[in-house]
Every structure is written in C-alpha cells, then in structure tokens.
Amino acid sequence: GGANPPGAGGGGGLSSGDKRSRHASKSILNALDSMPSEKDVNEAFDAYLHANKGLYKREAADNMRKILPAKQKWQMVCQHKEVESTPDEMRKEVKDYIQRIRNFSTQTPKPQTFRDLRAILRGRDINWIKVWFEMGGARDVAAVIQTCSVREVQIEAVLTIYWLGNIRFGR
C-alpha cells in the first residue's frame, strides 16, 4: 500500500502525541513564515548538521548543503529545535508507544497497532526514532514476532521491522 499520513488508520481520535506533533507542525510553519536570510539559514543548517554529525555521512551532508533549497534547510533546523526543546516529552511519548507493544503479553494483539506505529514512525524525525531504538522499541517488535500466535499480527510486526531496516540514517 501507499504511504498513509501520520495518524491514519483506526486510531479513532488524536493521542496527546499526535496533538503535540500537530502543534509542532504549526510552530514549524510559523517559523517558515519568518525565515531569516539565506546566509543565516545556511549557518543554522551547518550547526544542525554538526549537532547531528552521527546521522549523516560526510558526503551526504555536503550534498545536502549544496542541493537542498533554503526553505527545506530551515524546516529541518526548525524541526530539530522543536525536538531538542522537549526531550522529556519526547521520551514520554516514545515510552507510551513502546508500552502499547509491551502490552501484548497481557492483551490480545491487534494488527492495526503496527500499521499505526509505522505511520507514527514515518511522521517523526530522526531524533524520535533514535530514542525509540534506544528505549528498546525494535526489540519489543521482534519479541512480538517470536511470541505472538496471531499470524496477521506477526506479519504486521515483520513489516514494521522491514520498514525500520530500510530507514536511511546516512551513517
């Protein structure tokens, strides 16, 4: 299937994380309206790349400096600032999503949970995904594959691992 927008699926209402994400999107759009000069954007983008030097290969960072338009660079800078400003909230949100997966040991698993998770991961920035890995999210998805007896849930969990394996971090 095609890429669903973040939050698409049978979620039935916005979680507090989705509301925060929507708020973050609005604040990023406001920041785009007040974008500084191209020189200032490039300086901020260089600082962003330096702060995230483990995420991009040197060649990829150099190409991004040359190829990306100023508006896209500024958007990346603003997204990074948004995440950096709320690390505790981000960790809580990640923990909440991981807990949904860990609850499978006591609740009947639902395939939609993994579809929603993929949509959520697609809608988050690299820092969110890094925290998700650090907190054991991928390990918990793998545990569902091993322990769940519902084939459709296993398939959705495998698709989630496959999707995660195809993220390009630029290391």
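In which helix is Ile 129 found? Ile 129 is found in helix H7, where helices (H or I, at least four residues) and strands (E, at least two) are DSSP runs numbered from the N terminus. The model is predicted, so local features need pLDDT of at least 70 and side-chain atom pairs count only at pLDDT 80 or more, whereas totals for chains, interfaces and linings use all residues. Residues are numbered from 1 along each chain as its sequence is written, and side-chain values use heavy atoms, with hydrogens and water left out.

**View 1. The whole protein, an arrangement of nine helices and zero strands.** From the N terminus on, the elements run α-α-α-α-α-α-α-α-α. Of the 171 residues in the protein, 37% are buried, a term that means under 20% relative accessible area, with exposed meaning over 50% and partly exposed in between (1.4 Å probe, protein chains only). The accessible surface comes to about 10400 Å², of which 52% belongs to carbon and sulfur atoms; these areas come from the Shrake-Rupley method with a 1.4 Å probe, and for residues only the protein chains shown count as cover. Among contacts (heavy atoms within 4.5 Å) between residues at least 6 apart in sequence, 74% join residues at least 24 apart.

**View 2. The largest nonpolar core, with 22 residues.** A nonpolar core is a set of buried Ala, Val, Leu, Ile, Met, Phe, Trp, Tyr and Cys residues joined through side-chain atoms within 4.5 Å. The members that touch the most other members are Phe 114, Trp 128, Trp 132 and Val 144. Helix H5 (87–102), H6, H7, H8 and H9 each supply at least two residues of this core, and H5 gives the most, with five residues. A second, separate core of 14 residues includes Val 41, Phe 45, Tyr 56 and Trp 74. In soluble globular proteins, nonpolar side chains tend to be buried together.

**View 3. Trp 132 and Ile 129 with their surroundings.** Not counting residues up to four places away in sequence, Trp 132 touches Val 94, Ile 98, Ile 101, Leu 117, Leu 121, Gly 137, Ala 138, Val 141 and Leu 164. Ile 129 counts as buried at 6% relative accessibility. Its C-alpha atom is separated by 9.8 Å from that of Ile 167, although the two residues are 38 apart along the chain.

**View 4. Helix H5 and its two faces.** H5 has 16 residues and reaches 22 Å from its first C-alpha to its last, close to the 22 Å expected at 1.5 Å a residue, the expected span being 1.5 Å times one less than the number of residues. Its buried residues are Met 90, Glu 93, Val 94, Tyr 97, Ile 98 and Ile 101. Seen down the axis of H5, these buried residues fall within an arc of 135°, so they line one face of the helix; the arc is that of the directions from the helix axis to the C-beta atoms. The face turned away from the buried side carries the exposed residues Asp 88, Lys 92 and Lys 95.

**View 5. Helix H9 (residues 151–165) and what covers it.** With 15 residues, H9 reaches 21 Å from its first C-alpha to its last, close to the 21 Å expected at 1.5 Å a residue. The buried residues of H9 are Val 153, Glu 156, Ala 157, Thr 160 and Leu 164. They cover an arc of only 100° around the axis, which puts them on the same side of H9. An α-helix has 3.6 residues a turn, so residues three or four places apart point the same way. What covers the buried residues of H9 includes helix H6 (111–122), helix H7 (126–134) and helix H8 (137–147), while the face turned away from the buried side carries the exposed residues Arg 151, Tyr 162 and Gly 165.

**View 6. Polar contacts of Arg 118 with Glu 156 and Thr 160.** Arg 118 lies in helix H6 and counts as buried at 12% relative accessibility, and Thr 160 of helix H9 is buried with a relative accessible area of 0%. The side chain of Arg 118 makes polar contacts with the side chains of Glu 156 (2.6 Å) and Thr 160 (3.0 Å); a polar contact is a pair of N or O atoms within 3.5 Å, where within protein one must be able to donate a hydrogen and the other to accept it, and residues adjacent in sequence count only if both atoms are side-chain atoms. Leaving aside neighbours within four places in sequence, Thr 160 is also in contact with residues including Phe 114, Leu 117 and Val 141.
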